[in-house]
Amino acid sequence: MRGSSMPPPQADACGILAEKFPVPELPEVETLARGLREQIAGRRILSVRLGKTDFIDDPTALERDLPGNRIESVARYGKFLVLRLAPGNGAAGAKSERACLLVHLGMTGQLAPRLPEEPVARHTHAFFALDDGRELRYTDIRRFGRMALVPEAALDGLLGNLGLDPLETTEEEFRARLAERRAMIKALLLDQRVLRGMGNIYCDESLWRARIHPTCHAARLKPEQVTRLCRAIRKVLSAAIRLRGSSVSNYVDTNGQPGSYQLRHRVYQREGKGCFRCGAKIRRVMVAGRGSHFCPRCQPAPRKRALRARPRRGRRRGGTVAAD
Ligand SMILES: [Zn+2]
């Protein structure tokens with residue numbers, strides 16, 4: 001990779017800190033990373049063809065510097081796909097720097113290898129020709145995704161503000177993180193600086209499994225609740241990865257197949273339906289701007305004292321159940 005004129009991708013612009021949309025979450029991105037690892041690791045990128053480029057940080061650098069690189073590995077970091085590249089023999093004399101292609105799928109992004117003769121899906125905006133004749137295509141209807149070619153040395157700086165990986169963290173680390181902040185537990189689980197990779201679906205499912213109301217204050221959870229939550233998150237995410245993610249919008253894996261964890265959802269988007277555990281009707285409350293689904297019986301609301309820890313003028317007491 002020549003030069004370093006490319007501006008770093010803005011963490012918040014990638015939607016990693018305060019995303020407002022349902023996006024592929026940890027299990028979906030992990031499924032994609034595994035699929036891509038199987039299918040394209042080791043391949044060399046021969047050329048780059050771009051359509052709309054408003055989701056790419058410095059498309060010119062991408063077109064100029066990506067060809068010649070070999071895809072060494074594919075990994076997931078939070079909700080990012082990280083394609084590590086080995087420099088090619090490329091341009092004579094040009095000193096190549098190791099780089100990574102960083103991809104955040106936003107709301108509707110898809111990245112998959114296809115044969116050139118396969119029909120091109122609408123909204124396909126990037127084509128990377130591979131040395132085995134296939135092309136890696138990036139499709140994104142809404143273009144809330146992000147893509148950037150970054151020097152490997154800059155990767156830590158860009159992703160370093162992301163929190164713990166929920167599948168790798170210990171219960172003690174998790175407990176310490178929860179105790180650090182004054183926030184409702186749902187808001188905290190969604191915050192990518194605390195845990196990386198969790199989104200609305202898996203937060204709701206984990207809280208239901210752990211029997212914790214989404215508006216409970218994280219720092220006031222009892223030790224046994226924290227233990228339950230930590231275990232619930234791991235169980236839910238692991239099961240979702242096994243079932244290749246949840247297809248609630250247009251998510252499909254690298255073979256174009258939907259995941260099936262949506263069939264196991266216990267609360268997410270089940271408002272008004274019966275709780276699988278107790279039969280009570282699932283309700284929805286707004287937390288951190290996101291509709292949060294819960295069972296009012298299995299996940300009792302915190303006492304009002306906790307809810308009114310920081311009262312604001314004009315705020316409706318207790319009545320936070322919203323239609324969204
Ligand atoms: Zn219930």
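Guide: In this predicted model, two elements are in contact if heavy atoms of theirs come within 4.5 Å of each other. Helix α3 (residues 152–159) lies across β3, β4, β5 (99–104) and β9 (146–151). The direction of α3 makes about 130 degrees with that of β9.

Visitor: What makes the sheet in the order β2-β9-β5-β4-β3 "mixed" or uniform, and which strands are its edges?

Guide: The record of pairing for these five strands is mixed, and the sheet is open. Its edges are β2 (56–57) and β3 (70–77), since each pairs on one side only.

Visitor: How do you know that β3 and β4 count as paired?

Guide: Pairing requires at least two bridges between two strands. Seven bridges join β3 to β4 (residues 80–86), and therefore the two count as paired. They run antiparallel, and Ile71 stands opposite Leu85 in β4. Helix α1 packs on this sheet, touching β3 and β4, and its direction makes about 165 degrees with that of β3.

Visitor: What is the order of the sheet with four strands, and what makes β1 and β6 its edges?

Guide: The order is β1-β7-β8-β6, in an open sheet with antiparallel pairing. The strands β1 (45–50) and β6 (109–114) are edges, as each pairs on one side only. On average, neighbouring strands are turned by 15 degrees against each other, direction ignored.

Visitor: How do you know that β1 pairs with β7?

Guide: The requirement is again at least two bridges. Between β1 and β7 (residues 124–130) there are five, in the antiparallel sense, so the two strands pair. One example is Val48, whose bridge partner in β7 is Phe128. Helix α1 (residues 26–40) lies across β6, β7 and β8 (135–140), at about 20 degrees to β6.

Visitor: Why is the zinc site called tetrahedral?

Guide: Four donors count as tetrahedral if all angles lie between 85 and 135 degrees. Here the angles among the four donor atoms are 98 to 114 degrees, and the site therefore meets the condition.

Visitor: What makes the four cysteines donors of the zinc ion?

Guide: A sulfur atom counts as a donor within 2.8 Å of this metal. The SG atoms of Cys275, Cys278, Cys295 and Cys298 lie 2.2 to 2.4 Å from the zinc ion, so they qualify. Their spacing along the chain is C-x2-C-x16-C-x2-C. Cys275 lies in the loop between α7 and β10 (283–287), and Cys298 in the loop between β11 (290–294) and α8 (304–307), so this pair ties together parts that are 23 residues apart in sequence.

Visitor: How is the packing of α4 and α7 described?

Guide: Helix α4 (residues 171–180) and helix α7 (residues 223–242) pack at about 115 degrees, with axes 10 Å apart. The crossing is right-handed. Among the residues that meet are Phe174 and Leu178 in α4, and Val226 and Ile233 in α7. By class, this contact has seven nonpolar, one polar and four charged residues.

Definitions and conventions:
Residues numbered from 1 in each chain as written. Predicted model: local features only at pLDDT ≥ 70, side-chain atom pairs only at ≥ 80, totals over all residues. Heavy atoms only, no water. Axes fitted to C-alpha atoms, helices over the stretch in contact; angles between N-to-C directions. Left-handed = near helix turned anticlockwise from the far one by under 90°. Nonpolar A, V, L, I, M, F, W, Y, C, P; charged D, E, K, R; others polar. Donors = N, O, S within 2.8 Å, 3.2 Å for Na, K, Ca; no water. Tetrahedral: all angles 85-135°; square planar, octahedral: opposite > 155°, others 65-115°.
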